[in-house]
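Colleague: I have a new model open and would like some help reading it. Could we go through it feature by feature?

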Amino acid sequence: MCVVCVCPPPLLCPPQHNEAVRSAAAGAEETAAGCRLPPPALSCSQTMGMAAEEEHAASPREEEWPEAEKAEKLARGAALKWASGVFYRPEKLEGLGQYRSRETQRNSSIQSRLKSTVQSYLEGVSVGLEQLRSAVQEVQSVCQEMGAARWALLDSQDQLQGLQQMRVLMAEHVQLASVVQVLPQLFSVQEVFSHTLQLLRGQQLLEAHVELMMVEQLRDDILSQLHLRGLSSAQTTVLSYFSGLQEINESLAKQLWDITGSSLQLVREDPVLFVTAVRIIEREEKIDDTLLLEATFLPPGRPKGWRQKFYHILQETITGSLFRAARVKTEGSGLARHLAALQKDIVSELRVVKDLMVQCVPAHYNILSLCTATYHQALTSHLQDILRENLDKQALFLLLEWALHVYHSPEMMGHPDLLPEVDVSDLGPLMSPELVDQTERKYVVKVKASVLEWMQRTLEVEFKEWFREEEPEMDHQGFFQSALPVIIMQMLNENIQVASLINDSLQQKVYNMALEELEAFLGRSVEPLALLPTLPAPGFPGQAPQADGGDPQWGTHLPHRRISSLSACGATVTALWATSSHGLLPKCFSSTSESCFPQGSRTGPSAPACAGQKKEPSELGGWWEVHMAPGAAQLQVLVPGCPWLCCSLREALVHCGKEHQKDRAVPKHYISYLLAMLNNNLALSSSVSSLHPDTACREVPVSLQAALDRTQKKACQLLLEEMLLDLQPLCLQLPSRKWLSSSQLVTSICEVIDKYAKDFSRVRKPIFTVLLAESELLVSSQYLRALMQKKMVCRSKEERAQLCDRLLQDATQLRELFSGLGLERQQQSLEAVFALRELICLKDPALLSLEVLGFITKYPDVSDEHISTLLDLRGDVSRDVRHMVLEMMEQNPQVLPESYQPIFSTILVPAPELPFCLRKGKCT
């Protein structure tokens, strides 16, 4: 047992205690020497002294073994340390004998174990030495025998040289024996060729292939031997002798590929022939693999690679039978029939492959996956070829639906008879995302052209109805309406719903297009072509016409005008000048529908005969370019029966208003159709949100709402202009002294307002309120404008009081009228008349500054001219008071609030008349 002790601090001990420590340390030395303790750290003075004494007493053996000496020193130090730690107190000396006996027994045990271990080691060394001695003796005997064998070989060297000739003769004998053995086969090669060809003609392919392999094996063995011996010149003779193999190989290959080409039919009718072809192909593949693995000699024509050729022929057969037929007719229902036939044939052929052909070929062919991938790739290329043509919207929609939905549906690749073995999900999409997006854009362009045409036709029909003798139809609530919003929204909604059958992307594209076209339909601005002048023809092509009389100067060319549709009212546009790179050339525009331009419909002696080639219409309309026929005197735009062309709804309203200004009896029900258009506009505004594909997002775009507001504003403006025409004769009669004495004038005004209010009741409430408010503002501004015309000046105080009473009665009567019609007082502008009356009724002119200050604070758009005119109307304002009032206005400029409704800014004050002056005289 090895003990490591921690040395306590040095203590002063009695002599008997030191003696006991020495004896205990001696016993611990023996223990530590047996245990070979690691070197401890010595800190006691006694330990250091004893270590020094033992160092001088080292034996010669320890000098020979310094490690043993070092270990012994460490053991003694550890023992002293242990003893000093145990016996540093006097009372511990009582157990000294016990410690000594225990350590003595332990040392005896350790020594006995050491002796037994050393003894076993010594015995092993003795055995090893004995074995080494026997090995040395055996090696010496082997060396002696090898030396004897060497001398024996040297003695027989002359006899071995005589055997070399025998070896050469033996090799020649073996070669001649091989040649003699194959001679019957070589002589029968031509006969085998003939027999093999007969077997091929009789479609006995397996037997023919066996004989072919035998002949090829014979040829290849001969060529291999010649190759190994370097006899390349003899190989040409062998190849010439076996030249018939090439014809047999080609004949066999031709029959194999013919069988492969009709494989889908053969597996249903006679699968034996197809299986025979596959077996032959597999035999050749094994021969190719064997020769490629040996890689010593590759015979001519190897590797044949017939399996890859089989795959290629099968793919070519699939592609050619379905996709390399005559040109696909995309017009009408031709494309639909073609896609339906493809769908039926592909599903049918894949069924044959899955149920029959798979059983006729090895599993590693993966024939079903190969055929599926071939159909998929061929369809992808076929659809791309079809999309390169100029397709209509029905064809584009059909292709998108077929590629994105039908192809993966249970009716085709997802058919129950094909699942789960047929899986096209790993083959990628039938149409790439880029191609789908391109096709969707083409479809949107076609739909856009169709929508534009339908909108134009709808607008043409609507424009014609405005000139009918009957009033517009009414709904169940008695509001005027027409079929325009229903037709427009139904058309747009149908196109959006049809697009939703494809995907969300196309639906969003069509939705955006629908909003753009609706906005253009409401607010598109195109100059009416009927206003263009008659233009003289140039002297020769490329020369600009000369200015003559009232014709326009050609220094500024007319802009090129785009025509989208010319079917309006059966109109015919004969020709139109447009600028080009060669100067001014005539452009002839014709309708997309020939029925709109019957033969001989051109009128007028100046209509030229236009000769040219008709071009295809563009995306948004038709363009036709012609050159002027010889002898034509003029080019003229002829639009009989319809003076406007291709305008928006707003422009149609403007043109209808102009026609009505020329003759108020045309259209007969002008106001009724304007009211119907307001209801239509409101119906469009409320229906636009329902077009959005996302029900959670039903906001109307800002630009479209602005177009709706402009259309509504234009219709309201035309109605107010019509009302103004009836009010103006009455407003011209005030102010006058006849007006002061009678209320008949304002009663007549109220009758006009009431008549129009009854008409306005045919529109729905939001528009009715707007019309009522605008009518009240119109009446107020016209009333104030009449007062500002400087037609009257009060002559006396009594006349001024009479004016105040008339203003009060008129304003009160008008206010009660509009209030009774449903317009709240906060929305009325007649309060300005009451405020103006207060300025006139003021008895003390000196207080006008304060009154005017309050007036301009309430109506900040009033000007100095307006106040000056009102002061003139009073007739009692001196020049000083006027100057003071105007100076006060100059010192208190007003700022218009954002929500302020202007009143006086729209009223122009007549300029003062200058006094008459003689020439070279002073003005009086």
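Modeller: Let's start with Val-125, and keep in mind that this is a predicted model. The relative accessible area of Val-125 is 49%. Exposed would need over 50%, so Val-125 is classed as partly exposed.

Colleague: Where does Val-125 lie, and which residues form a nonpolar patch with Val-125?

Modeller: Val-125 belongs to helix α5, which covers residues 96–155. On the surface, Val-125 joins Leu-129 and Leu-132 in a nonpolar patch, and together they have about 280 Å² of accessible area. Here is the general idea behind such spacing: an α-helix has 3.6 residues a turn, so residues three or four places apart point the same way.

Colleague: Thanks. What does the chain come to in helices and strands?

Modeller: The secondary structure comes to 31 helices and 6 strands. The chain has 924 residues, 42% of which count as buried. About 51500 Å² is exposed, with carbon and sulfur atoms supplying 55% of that area. As for contacts with a separation of 6 or more, 76% are between residues 24 or more positions apart.

Colleague: Let's turn to cysteines. How many disulfides does the count come to?

Modeller: First the chemistry: a disulfide is a covalent bond between the sulfur atoms of two cysteines. The count for this model comes to 1 disulfide. It is formed by Cys-804 and Cys-841, with their sulfur atoms 2.3 Å apart. The two cysteines are 37 residues apart and link distant parts of the chain: Cys-804 sits in helix α27 (residues 797–821) and Cys-841 in helix α28 (residues 831–841).

Colleague: Are those two cysteines buried or partly exposed?

Modeller: One of each. Cys-804 has 4% relative accessibility, so it counts as buried. Cys-841, at 25%, counts as partly exposed. Cys-794 is in no disulfide, and the nearest cysteine sulfur to it, that of Cys-804, is 7.4 Å away. Cys-794 is itself buried, at 3% relative accessibility. Another buried cysteine is Cys-371, whose relative accessible area is 1%.

Colleague: Since Cys-804 is in α27, how do I check the span of that helix?

Modeller: Compare the expected span with the distance between the end C-alpha atoms. With 25 residues at 1.5 Å a residue, α27 should span 36 Å, and its end C-alpha atoms are 36 Å apart, so the two agree. Just after α27, Gly-822 has a positive phi of about 115°.

Colleague: And what do the buried residues of α27 pack against?

Modeller: They pack against α24 (737–741), α25 (744–760), α26 (765–787), α28 and α30 (864–874). The buried residues of α27 include Leu-803, Cys-804, Leu-807, Ala-811, Leu-814 and Phe-818. Charged residues are in that buried group too, among them Glu-799, Arg-800, Arg-806, Asp-810 and Arg-815.

Colleague: How many residues of α22 are buried?

Modeller: In α22, 14 of the 19 residues are buried, and the helix is mostly covered. Helix α22 takes in residues 670–688 and reaches 27 Å from first C-alpha to last, close to the 27 Å expected.

Colleague: Next, salt bridges. How many are counted?

Modeller: Side chains of opposite charge can pair when their charged atoms come close. In this model the count is 35 salt bridges. One of them pairs Arg-307 with Glu-282, with the closest N and O atoms 3.2 Å apart. Arg-307 is in helix α14 (residues 306–323) and Glu-282 in helix α13 (residues 271–294), so this pair ties together parts 25 residues apart in sequence. Arg-307 and Glu-282 are both buried.

Colleague: Which parts do Asp-437 and Lys-509 tie together?

Modeller: Their side chains meet in a salt bridge at 3.2 Å, N to O. Asp-437 lies in helix α18 (residues 433–465) and Lys-509 in helix α20 (residues 504–523), so the bridge joins parts that are 72 residues apart in sequence. Asp-437 is partly exposed at 26% relative accessible area, whereas Lys-509 is buried at 18%.

Colleague: Where do Asp-475 and Arg-764 lie?

Modeller: The salt bridge between Asp-475 and Arg-764 has an N to O distance of 2.6 Å. Asp-475 is in the loop between α18 and α19 (484–500), and Arg-764 is in the loop between α25 and α26, so the pair ties together parts 289 residues apart in sequence. Asp-475 counts as buried, at 14% relative accessibility, while Arg-764 is partly exposed, at 29%.

Colleague: Which residues are joined into one network by salt bridges that share partners?

Modeller: That network is made of Glu-216, Glu-284, Asp-288, Arg-302 and Lys-304.

Terms used
Residues numbered from 1 in each chain as written. Predicted model: local features only at pLDDT ≥ 70, side-chain atom pairs only at ≥ 80, totals over all residues. Heavy atoms only, no water. Disulfide = S-S within 2.5 Å. Helix = DSSP H or I, 4+ residues; strand = E, 2+ residues; numbered from the N terminus. Buried < 20%, exposed > 50% of the residue type's maximum accessible area, 1.4 Å probe, protein only. Patch = residues over 30% accessible without salt bridge, like charges linked within 9 Å, V, L, I, M, F, W, Y side chains within 5 Å. Areas by Shrake-Rupley, 256 points an atom, 1.4 Å probe, with all protein chains shown as cover. Salt bridge = Lys/Arg side-chain N within 4 Å of Asp/Glu carboxyl O. Contact = heavy atoms within 4.5 Å. Expected span 1.5 Å × (residues − 1).
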